[in-house]
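Reader: I have a structure in front of me and would like to go through it piece by piece. Where should we begin?

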Amino acid sequence: MRHLLTNRGYTLIDSILQLTVLLLFSQLILFYSVWFKQVEKHFFYSETVDWEMFSVDMESYVSSVSLMQEQINHSGIRYIKDGFEYDIECYPLLIRKQKNRLGHEPMLIGVKSCDMQVIENQVVIRVEFASGRKEERTYEVFVSSQ
């Protein structure tokens with residue numbers, strides 16, 4: 001009994017108390033990690049940012065065009081701007097842009113389905129993302145006579 005009261009190491013009670021504190025803190029870490037994933041999902045959702053960046057690009061593309069036409073089955077649009085022909089087309093996983101039917105520039109990634117329509121002086125784009133989120137935007141087309 002005399003050896004149990006020395007300062008040579010941990011006692012069983014000390015180790016049980018430290019293990020209890022460790023388990024309590026590990027539960028808090030687990031709680032914060034789950035909470036942070038929920039916050040990240042709502043505030044830092046990349047699809048929203050990607051969609052808004054795509055929309056800003058589309059606004060600049062459809063201003064001052066010489067010709068705007070819809071492709072077959074609403075799969076894309078073709079327009080002429082500054083003497084160059086551009087195609088913006090829907091594919092199963094992305095929306096891409098081509099210049100003079102060459103190259104392949106991805107504009108929006110993670111797309112499940114897409115629909116583009118030209119209605120008078122407007123372009124309507126409907127997108128469904130792989131996550132199931134749906135977006136729709138209408139762009140005003142400014143056709144110049146040059």
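Author: This is a predicted model. We can begin with one residue, Ile77, which lies in strand 2.

Reader: Is Ile77 buried or exposed?
Author: A residue counts as buried when its relative accessible area is under 20%. For Ile77 that area is 0%, so Ile77 is buried.

Reader: Which residues does Ile77 touch, not counting those up to four places away in sequence?
Author: Contact here means heavy atoms within 4.5 Å. By that test the partners of Ile77 include Met58, Tyr86, Met116 and Val123. The rest of the list is Met68, Gln69, Gln71, Asp87, Ile88 and Val118.

Reader: How far apart are the C-alpha atoms of Ile77 and Lys97?
Author: Along the chain, Ile77 and Lys97 are 20 residues apart. In space, their C-alpha atoms are separated by 9.7 Å.

Reader: Why is strand 2 described as largely enclosed by the rest of the structure?
Author: Strand 2 covers residues 76–81 and has 6 residues. It is largely enclosed because the number of its residues that are buried is 5.

Reader: How many bridges join strand 2 to strand 3?
Author: Strand 3 spans residues 84–90 and runs antiparallel to strand 2. One pair of residues standing opposite each other is Tyr79 and Tyr86, the latter in strand 3. The hairpin of these strands has 2 residues between them, and Asp82 takes a positive phi near 55°. The number of bridges joining strand 2 to strand 3 is 6.

Reader: What kind of aromatic pair do Tyr79 and Tyr86 form?
Author: Both Tyr79 and Tyr86 are buried. Their ring centres are 5.2 Å apart, with 20° between the planes. Planes under 30 degrees apart count as stacked, so the pair of Tyr79 and Tyr86 is stacked.

Reader: Which residue in the turn between strand 1 and strand 2 has a positive phi?
Author: Strand 1, residues 67–70, pairs with strand 2 in the antiparallel sense over 4 bridges. Leu67 stands opposite Ile80 in strand 2. The two strands form a hairpin with 5 residues between them, and the turn residue with a positive phi, about 60°, is Asn73.

Reader: Which strands stand at the edges of the open sheet in the order 6-7-8?
Author: The sheet has 3 strands, and the pairing is antiparallel. An edge strand has a single partner strand, so one side is left without a neighbour in the sheet. That applies to strand 6 (111–119) and strand 8 (134–140).

Reader: What angle does the direction of helix 2 make with that of strand 8?
Author: Strand 7, residues 122–129, pairs with strand 8 over 7 bridges, and Val127 stands opposite Glu135 in strand 8. Helix 2, residues 46–61, packs on the sheet and touches both strand 7 and strand 8. The angle between the directions of helix 2 and strand 8 is about 15°.

Reader: Which residues touch the most other members of the largest nonpolar core?
Author: This core has 24 residues. Elements that each supply at least two of them include helix 2, strand 5 (102–109) and strand 7. The residues touching the most other members are Phe54, Met58, Ile88, Ile95, Ile125 and Val127.

Reader: Over the ring of which residue does the charged end of Lys99 sit?
Author: A charge over a ring has to lie within 6 Å of the ring centre. The charged end of Lys99 is 4.1 Å from the centre of the ring it sits over, that of Phe84.

Note on methods:
Residues are numbered from 1 along each chain as its sequence is written. This is a predicted model: local features need pLDDT of at least 70, side-chain atom pairs count only at pLDDT 80 or more; totals for chains, interfaces and linings use all residues. Side-chain values use heavy atoms; hydrogens and water are left out. Buried means under 20% relative accessible area, exposed over 50%, partly exposed in between (1.4 Å probe, protein chains only). Two strands pair if DSSP finds at least two bridges between them. Axes are lines fitted to C-alpha atoms, for helices over the stretch in contact, and angles run from 0 to 180 degrees between N-to-C directions. A nonpolar core is a set of buried Ala, Val, Leu, Ile, Met, Phe, Trp, Tyr and Cys residues joined through side-chain atoms within 4.5 Å. Rings of Phe, Tyr and Trp (its six-membered ring) pair if their centres lie within 6.5 Å; planes under 30 degrees apart count as stacked, over 60 as edge-to-face and the rest as tilted. A charge sits over a ring if NZ of Lys or CZ of Arg is within 6 Å of the ring centre and within 35 degrees of the ring normal.
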